[in-house]
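Please open the structure in a viewer and keep the selection tool at hand. The tour below proceeds stop by stop, stating what to select and what is found there.

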Amino acid sequence: MTALVPKPETLTHLEAYVAQPGRAELVAQVRAKIDELGIQYIYYQFVSVTGRITGKGVPAAHWESVAERGIQLVYGAMANLFLDRYGNYIGYGPEASELVAIPDPDTFCQLPWDKRVARVFCTCFRNREEPEAPGSYLTADCRGNLRRIHAQFQADHDGLHLRHGTEPEMMWLKKGPDGKPDGGVTKPNCYHIHQFEELRPVVLRVIEYANAMGLDMIQGDHEDAPGQLELNFMFDEALRTCDRLTTYRQICAQVAREFNLIACFMSKPFMGLSANGCHHNLSLWYGGQDEVNALGLDSLPGMPGTFSYRKGGENTFLPDPSLSQTKPGPIGLQSIGGVIEHLGALTAIGCSTVNSYRRLWDKGLWAPVYADWGFQNRTCGLRVSAPGRFEYRAVDSMVNPYLMAAALLKAFDDGIRRNLDPGEPESRNLYEAMEAGKQVKKLPMSLGEALARLDEDEVIRSALPGEMYKLYTWYKRDEWEKFLATTSDWDVEMYLDCLP
């Protein structure tokens with residue numbers, strides 16, 4: 001007897017995801033790679049609201065069953081099982097159901113530091129037994145949201161899609177006897193090869209692991225804070241770039257364990273020195289296709305020794321020769337206009353912690369404070385750093401890259417739909433231009449102010465659909481309130497001897 005197959009319209013999101021064309025073949029390819037490489041254990045991972053990597057480990061023998069059924073984990077994992085200042089679990093209490101995380105086979109990758117272990121990213125769904133919307137996409141899943149928001153953007157704009165790269169600055173800190181940070185490994189001398197050389201063993205280990213996990217490392221340098229490095233990898237389609245930044249952070253954490261160091265992505269651990277920024281270099285493209293550059297193994301994306309990238313196509317941010325030899329094309333200008341229009345709300349995503357605003361308040365260190373744009377002008381929030389892309393600067397290394405990319409897509413969409421004009425590029429030092437009378441909007445200068453701007457901005461709020469907006473703002477408002485309710489060393493130093 002032939003088994004009854006449900007009609008497509010009766011499938012839940014989860015069922016349709018598992019049944020999508022070509023997925024069974026990828027699952028089989030992963031099994032072959034598990035056997036070939038001797039993989040014994042797999043981390044099934046997804047990304048929380050703050051960008052933390054969470055999930056479960058499962059023996060590799062269960063790959064096929066997990067690929068079909070997924071893993072289950074309490075909904076509160078999406079908010080790090082974090083308690084607010086009143087003792088409530090943020091987003092989901094202990095009575096909440098469990099999410100289902102379905103692995104994406106094309107992200108399967110062996111861990112180069114322990115080749116018995118692999119990792120795979122997952123897409124998250126509501127539980128199959130939920131009374132409402134069972135098996136639907138979990139809107140608290142930032143990675144899944146980005147994929148869907150990007151797909152909708154492409155559908156609305158004739159296939160136009162985001163490709164971007166990030167510049168993840170971070171610091172390598174020494175450990176003191178108590179295990180806590182004890183200063184940077186090197187001196188704060190920017191671009192100094194001698195300081196870079198001091199960290200050479202660390203750099204080469206990071207690059208070794210990154211190359212093995214599919215990151216095409218392209219350049220690096222010593223920045224201007226103690227132990228501060230920026231190691232860059234090739235730009236790509238939005239979701240891949242976010243996955244690679246997440247992987248890069250995991251790699252740095254592992255290398256830190258091996259060298260007994262601390263891999264610090266905190267935005268501003270030292271005042272008077274540069275912070276850890278994470279500039280995003282952005283462009284919108286038509287066309288192109290995925291290609292895999294194999295380095296001696298096979299062509300399954302995510303396998304050791306392969307780099308998979310979107311290649312070719314038309315970069316719409318390149319100047320239109322009929323209009324200007326320097327300015328971005330019309331879509332690029334509209335996108336810049338959209339970002340400037342929504343920069344206040346975007347700051348709540350790009351500068352996502354209380355500490356992020358130490359970066360904006362510290363003087364003379366090029367952190368962006370004003371909503372303007374220019375060519376190679378680091379006093380502006382947006383900089384056309386090269387023909388065909390612009391650099392979004394109001395973002396630091398604590399960012400959740402999936403939320404940031406989704407929010408930027410919403411700003412681009414609004415700029416294109418409304419034909420927003422960013423005005424003329426600013427060539428002067430912006431501070432001198434303002435002294436001469438130029439009126440420029442200022443970024444929010446605290447997390448509390450940024451969250452208020454986000455609350456007022458329907459366009460950027462739509463980048464956090466469903467449960468995500470509640471989850472994000474609950475987490476971040478609680479962080480802000482905890483800061484306001486805390487007595488610090490600064491309070492004691494400022495006020496202890498104030499009277500009589």
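Begin with the cysteines. This is a predicted model, and a search of the whole structure finds zero disulfides. Select C109: this residue takes part in no disulfide, and the nearest cysteine sulfur, that of C122, is 14 Å away. C109 is buried, with a relative accessible area of 1%. Next select C124, which is likewise in no disulfide; here the nearest cysteine sulfur, again that of C122, is 6.5 Å away. As a disulfide is counted only when two cysteine sulfur atoms lie within 2.5 Å, neither distance meets the cut-off. C124 is also buried, at 0% relative accessibility.

Now select residues 41-47, which form strand β1. Is this strand mostly covered or mostly uncovered? It is mostly covered, five of its seven residues being buried. β1 has two pairings to inspect, and each can be followed from a single residue.

For the first pairing, add residues 117-125, strand β6, to the selection. β1 and β6 run parallel and are paired over five bridges. Highlight Y43 and look across to β6, where R119 stands opposite.

For the second pairing, add residues 53-59, strand β2. This time the strands are antiparallel, and seven bridges join β1 to β2. Highlight Q45 to find G55 of β2 opposite. The hairpin formed by β1 and β2 has five residues between the strands, and within the hairpin G51 takes a positive phi near 95°.

Remain in the loop between β1 and β2 and select S48, which is located there. Is S48 buried or exposed? With a relative accessibility of 0%, S48 counts as buried. Which residues does S48 contact, once neighbours within four places in sequence are left aside? They are A77, M78, N80, C142 and N400. Displaying these five together with S48 shows the surroundings of this loop residue.

The tour turns next to empty space. Rolling a probe the size of a water molecule over the atoms shows where such space is left.

Select E167, E230, H279, R383 and E391 to locate the largest pocket: of the 41 residues that line the pocket, these lie nearest its centre. The strands that give two or more residues to this lining are β7 (161-175), β9 (217-222), β10 (228-233), β13 (278-286) and β19 (389-392). Which element gives the most? β7 does, with six residues. The space in this pocket comes to about 920 Å³. Colouring the lining by residue class gives 14 nonpolar, 13 polar and 14 charged residues.

The final stop is a cavity. The count of cavities of 30 Å³ or more comes to one, and the largest cavity holds about 50 Å³ of space. To display the lining, select F317, P319, T326, K327, P328, I336, V384, A386, P387, G388, R389 and F390. β18 (382-386) and β19 each supply at least two of these lining residues. How do the lining residues divide by class? Eight are nonpolar, two polar and two charged. Before leaving, select β19 once more: this strand contributes two or more residues to the lining of the largest pocket and at least two to that of the largest cavity.

How values were computed: Residues numbered from 1 in each chain as written. Predicted model: local features only at pLDDT ≥ 70, side-chain atom pairs only at ≥ 80, totals over all residues. Heavy atoms only, no water. 1 Å grid on protein atoms, 1.4 Å probe; cavity = no way out; pocket = protein on both sides within 12 Å on 5 of 7 lines; lining within 4 Å. Points joined across faces, edges and corners; volume = space filled by probe spheres on them. Helix = DSSP H or I, 4+ residues; strand = E, 2+ residues; numbered from the N terminus. Nonpolar A, V, L, I, M, F, W, Y, C, P; charged D, E, K, R; others polar. Buried < 20%, exposed > 50% of the residue type's maximum accessible area, 1.4 Å probe, protein only. Pairing = 2+ DSSP bridges. Contact = heavy atoms within 4.5 Å.
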